[in-house]
Amino acid sequence: MISVIMLTYNRESMVGRAIESILNQTYRDFEYIIVDNGSDDRSGEIADAYAAKDPRIKVLHIEKSNIGTGRNIGLDAATGEYITFIDDDDTAEPDMLEFLYGLAKEQDADISLSGSMKEVNGEFLPNCMFDEKLVMTPEEAVITLLRRKKYNAAMPSKLMRREIFDKIRFRTEGKYDDITVVYKYFAEAKKVVAYGLPKYCFWRHSGNNSAFTTNDLLLTPEQLDEYFEAFRERTEYLSEKLPDIDRKSTRLNSSHDDISYAVFCLKK
């Protein structure tokens, strides 16, 4: 029922921990597709060793590419009704798949998502957590994403019906595929359900692709340019796909400042 996709590159000290967090899930009906993105350490060998012991694991070895290309290759191999992603330096709580699948089925939702924690220098901190269940239209889900208070654009912690990926694939250029496509997935979904109990942990370290989120001194001009371009594309896409988003944002049970911020993000 579920395909778990993980791209790995040179994470030999971390990838085993990530793999075991999926193999230890209470929900058992899944396939685990690991895409070795041209690692020159033992990451691919470690994945192969786990695959030799568990038939649910399929390892694909590819030449070094960007994140979007690797994830698209994983999608091509996936057979599940639902798709979720895990990063090779993070971990999932044992009931994450059961939790996300239960939410999706309960609400007949195209996307379900949970809350998360983050580990920074040995300290576990709230990342995206809220003690309520939100059942949202595409407009509501996108506006909540733009606020970045309840959840963000990271692919992990989200379960999506595979038909969404048939419509929209990851970009094959650039470093940050999530900010360029996740809002499109929410806009395409008929219904999104979110429950902010933490079922995933992002491990923040200097080698993260998004390390600058905890240390802005690591942000480069090239990264900033890519973000600005993504924001411009986002404005154009949402203005066409969800033209009533400004009006519908006022229906949300939130403060005026939050609504103003969401509209500002859309028009930026």
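## A tour from strand 1 to helix 8

Start by selecting strand 1, which is mostly covered: seven of its seven residues are buried. Bear in mind as you go that this is a predicted model.

Show the side chains of strand 1 and look at where they go. Ile2, Val4, Met6 and Thr8 point one way, while Ser3, Ile5 and Leu7 point the other way, and all are buried.

**The neighbours of strand 1**

Which strands flank your selection? Add strand 2, residues 30-37: seven bridges join strand 2 to strand 1, and the two run parallel. To see one position in this pairing, pick Val4, which stands opposite Tyr32 in strand 2.

Now add strand 4, residues 82-85. Strand 4 also runs parallel to strand 1, and four bridges join them. Here, click on Ser3, whose bridge partner in strand 4 is Ile83.

Before moving on, trace the chain from strand 1 through helix 1 to strand 2: together these make a right-handed β-α-β unit.

**Two residues with a positive phi**

Most residues other than glycine have a negative phi. Two stops on this tour go the other way.

Select Asn10, in the loop between strand 1 (2-8) and helix 1 (15-23). Asn10 is not a glycine, yet its phi is positive, about 50°. Is Asn10 buried or partly exposed? With a relative accessibility of 25%, Asn10 counts as partly exposed, because buried would mean under 20%.

Next, jump to Ser157, in the loop between helix 5 (138-147) and strand 9 (158-161). Ser157 is not a glycine either, and has a positive phi of about 80°. A relative accessible area of 4% makes Ser157 buried.

**Helix 8, end to end and side to side**

For the last stop, select helix 8, residues 221-241. If you draw a distance between its end C-alpha atoms, expect 30 Å; this agrees with the span that 21 residues should have at 1.5 Å a residue.

Then colour the buried residues of helix 8: Gln223, Tyr227, Ala230, Arg234, Thr235 and Leu238. Why do they lie on the same side of helix 8? They cover an arc of only 145° around the axis, which puts them on the same side. The general background is that an α-helix has 3.6 residues a turn, so residues three or four places apart point the same way.

Finally, turn the view to the other side of helix 8, where Pro221, Glu222, Asp225, Glu236 and Glu240 are exposed.

Technical notes
Residues numbered from 1 in each chain as written. Predicted model: local features only at pLDDT ≥ 70, side-chain atom pairs only at ≥ 80, totals over all residues. Heavy atoms only, no water. Expected span 1.5 Å × (residues − 1). Buried < 20%, exposed > 50% of the residue type's maximum accessible area, 1.4 Å probe, protein only. Arc of directions from axis to C-beta. Pairing = 2+ DSSP bridges. Right-handed = clockwise from strand over helix to strand, strands pointing away.
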